[in-house]
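Me: I'd love a close look at one part of this structure: the surroundings of the first ligand. Could you walk me through that site, and then set it beside a few other features of the fold?

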Amino acid sequence: MNRVYIKTYGCQMNERDSEQVASSLRDRGYSMVDNEFDADVVLLNTCSVRDQAEQKAIGKAGYLAKRKRSNPNFMIGVLGCMAQNRGSELVDRLPDLDLIVGTQKFHAVPDHVDQLIKSYAAQGPRPTTILDLEEEEGSQNTIKDHLPKKDQVCAFVSIMQGCNMNCAYCIVPKTRGRERARPMDQIVEEVHELAEQGVKEITLLGQIVTSYGRRDFPVVGGKSPFVQLIERINDIEGIDRIRFTSPHPRGFKQDLVEAYRDVPKLCEYVHLPLQAGCNKTLRAMNRPYTKERYREIVDSLRAVVPDMYFSTDIIVGFPGETEEDFDESAVFFEDIGFDMSYIFKYSIRTGTPAETMEDQVSTEEKERRNHVLLDILAKRSLWRNEQLVGTVQEVLVEGPAKKGYKFVGKTRGYRNSIFDGDDRLIGQLVQMKVDRATASTIYGDLVLAGVDTI
Ligand code: 5AD
Ligand code: SF4
């Protein structure tokens with residue numbers, strides 16, 4: 001009864017939360033398995049940001065529920081954002097669920113699973129669904145443990161939870177609650193431990209990392225708590241690279257721009273959500289900046305790092321976005337020259353201000369706009385990668401590629417890189433001469449002291 005499989009939907013925060021749950025279950029004696037068929041307990045860690053993500057998880061839970069007919073002791077849990085968003089409504093829809101755990105209660109999962117196993121072992125009537133959706137003070141400090149993994153090169157570190165913004169389309173403030181930062185010392189300690197285990201690259205995670213600790217820690221020497229945190233991680237021996245996701249344009253100030261010049265381990269890749277490249281739409285979305293301000297941030301970053309890579313999130317078909325508004329957004333999107341982007345079709349979220357806005361855009365029109373942006377992105381990302389052909393890039397080796405005998409790694413600019421490698425290179429910085437590029441990947445051979453090897 002002690003084999004658990006966790007399936008994760010959604011963002012990197014969710015991936016990180018799932019790792020925490022896995023680590024705490026393992027400490028409690030459970031064994032984590034890597035497919036649902038071998039598991040006695042399946043936990044779905046869910047996402048609510050778009051309807052499609054919720055529907056996928058609901059579909060999966062319904063499918064899993066059928067297994068209970070042949071094996072009544074099989075247990076199903078729903079964790080995270082959708083659990084928080086839909087709560088007891090989920091039980092009405094899926095009465096076979098054993099466990100529903102919200103975003104501030106991940107640490108309670110082992111207790112609940114223990115409890116369920118006891119109830120099932122007692123062979124009485126089927127235990128009622130456990131619902132645990134309370135807010136909990138300090139819950140942001142519970143996402144701190146990692147599963148020691150062989151050859152782990154890159155790790156995510158959660159630095160805060162929640163979001164105090166009120167973007168009109170977004171469900172996250174409801175599912176994740178108010179902004180809460182972890183103490184800086186604790187985060188630094190966690191990164192030290194990861195470095196000792198051999199981790200080389202750290203990605204700091206939060207809904208709006210630029211807001212990190214702004215009410216808990218003072219600005220020192222013109223530097224925000226977030227920049228102070230980056231500097232402290234830069235000092236940790238063994239760590240080669242630092243990344244973060246996501247900043248907010250409102251909090252992207254000069255101190256952070258200068259960090260790209262002054263902090264050597266901070267990689268030249270920024271994921272900076274734009275959401276719309278039209279001021280009217282930005283205002284309707286309740287995003288507190290203009291496209292001109294966004295442009296200024298991009299320009300100031302390019303001024304310190306000319307070949308900076310940019311990635312973004314953008315939504316098409318927000319209510320009231322006319323064809324002209326969209327065209328303006330698309331022109332801006334092309335002008336900036338994004339190397340990567342997540343392009344989202346607006347999805348109505350119950351309870352958000354945009355839900356009841358007039359002039360909702362049709363599905364076909366959202367689809368069309370989506371393709372316009374995808375085409376712009378495909379051209380630009382291919383062009384940018386092609387610029388690298390013939391150059392030598394520093395690549396951090398992550399491990400064998402999924403298919404074939406090749407190895408994968410990334411450049412500092414987050415270009416996916418494929419080359420002939422060797423297990424001994426995992427976790428090392430190598431030089432790769434690029435000989436071919438697609439929009440998503442660069443290919444090449446390793447060079448050592450100017451000589452082609454391997
Ligand atoms: N519809 C479409 N995309 C959304 N996002 C957030 N809410 C919605 C929604 N209702 C996108 C935003 C955000 C990313 C994580 O998801 O672009 O940055
Ligand atoms: Fe949602 Fe806006 Fe907060 Fe991002 S900043 S999580 S889009 S409310």
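Reply: Happy to! Helices and strands here are DSSP runs, numbered from the N terminus, with a strand taking at least two residues. Please keep in mind that this is a predicted model.

With that numbering, strand 13 (309-316) and strand 14 (340-345) each give at least two residues to the shell around ligand 1. The full list of residues around ligand 1 is V49, R50, Y169, Q275, D313, I315, F344, K345, Y346, S347 and R349. Sorted by class, this shell holds five nonpolar, two polar and four charged residues.

Now for the polar atoms. In the side chain of Q275, an N or O atom lies 2.6 Å from an oxygen atom of ligand 1. Y169 takes part through its backbone, where a polar atom is 3.0 Å from a nitrogen atom of ligand 1. For R50, it is an N or O atom of the side chain that sits 3.2 Å from an oxygen atom of the ligand. As for cover, ligand 1 taken alone exposes 400 Å², and the protein buries 86% of that.

Q275 deserves a second glance. Most residues other than glycine have a negative phi, and most peptide bonds are trans. Q275 is not a glycine, and yet its phi is positive, near 70 degrees. Along the chain, Q275 sits in the loop between strand 12 (269-271) and helix 10 (279-284). An unusual peptide bond can be found as well: the one from T245 to S246 is cis, with omega near -5 degrees. S246 belongs to the loop that joins strand 11 (241-245) and helix 9 (254-262).

Y169 leads us on to the other ligand. Around ligand 2 are C163, M165, C167, Y169, C170, V172, P173, Q207, I208 and R287, and Y169 is also listed around ligand 1. The shell of ligand 2 comprises eight nonpolar residues, one polar and one charged.

Finally, here is some helix packing to place beside the site. Two packed helices are described by the angle between their axes and the distance between the axes. Helix 12 (residues 323-336) and helix 13 (residues 363-386) have axes that come within 10 Å and cross at roughly 15 degrees. Helix 12 is therefore roughly parallel to helix 13, and their crossing is right-handed. For helix 7 (residues 184-196) and helix 8 (residues 225-234), the axes also come within 10 Å, with a crossing angle of roughly 30 degrees. Angles under 35 degrees count as roughly parallel, so helix 7 and helix 8 are described that way. Helix 7 passes helix 8 in a right-handed crossing. Helix 1 (residues 12-27) packs against helix 5 (residues 109-121) at about 50 degrees, and their axes are 9 Å apart. That angle makes helix 1 oblique to helix 5, and this pair crosses in a right-handed sense.

Key: Residues numbered from 1 in each chain as written. Chains lettered and ligands numbered in written order. Predicted model: local features only at pLDDT ≥ 70, side-chain atom pairs only at ≥ 80, totals over all residues. Heavy atoms only, no water. Near = heavy atom within 4 Å. Polar contact = N/O pair within 3.5 Å; in protein donor to acceptor, adjacent residues only side chain to side chain. Areas by Shrake-Rupley, 256 points an atom, 1.4 Å probe, with all protein chains shown as cover. Helix = DSSP H or I, 4+ residues; strand = E, 2+ residues; numbered from the N terminus. Nonpolar A, V, L, I, M, F, W, Y, C, P; charged D, E, K, R; others polar. Axes fitted to C-alpha atoms, helices over the stretch in contact; angles between N-to-C directions. Parallel < 35°, antiparallel > 145°, perpendicular 65-115°, else oblique. Left-handed = near helix turned anticlockwise from the far one by under 90°.
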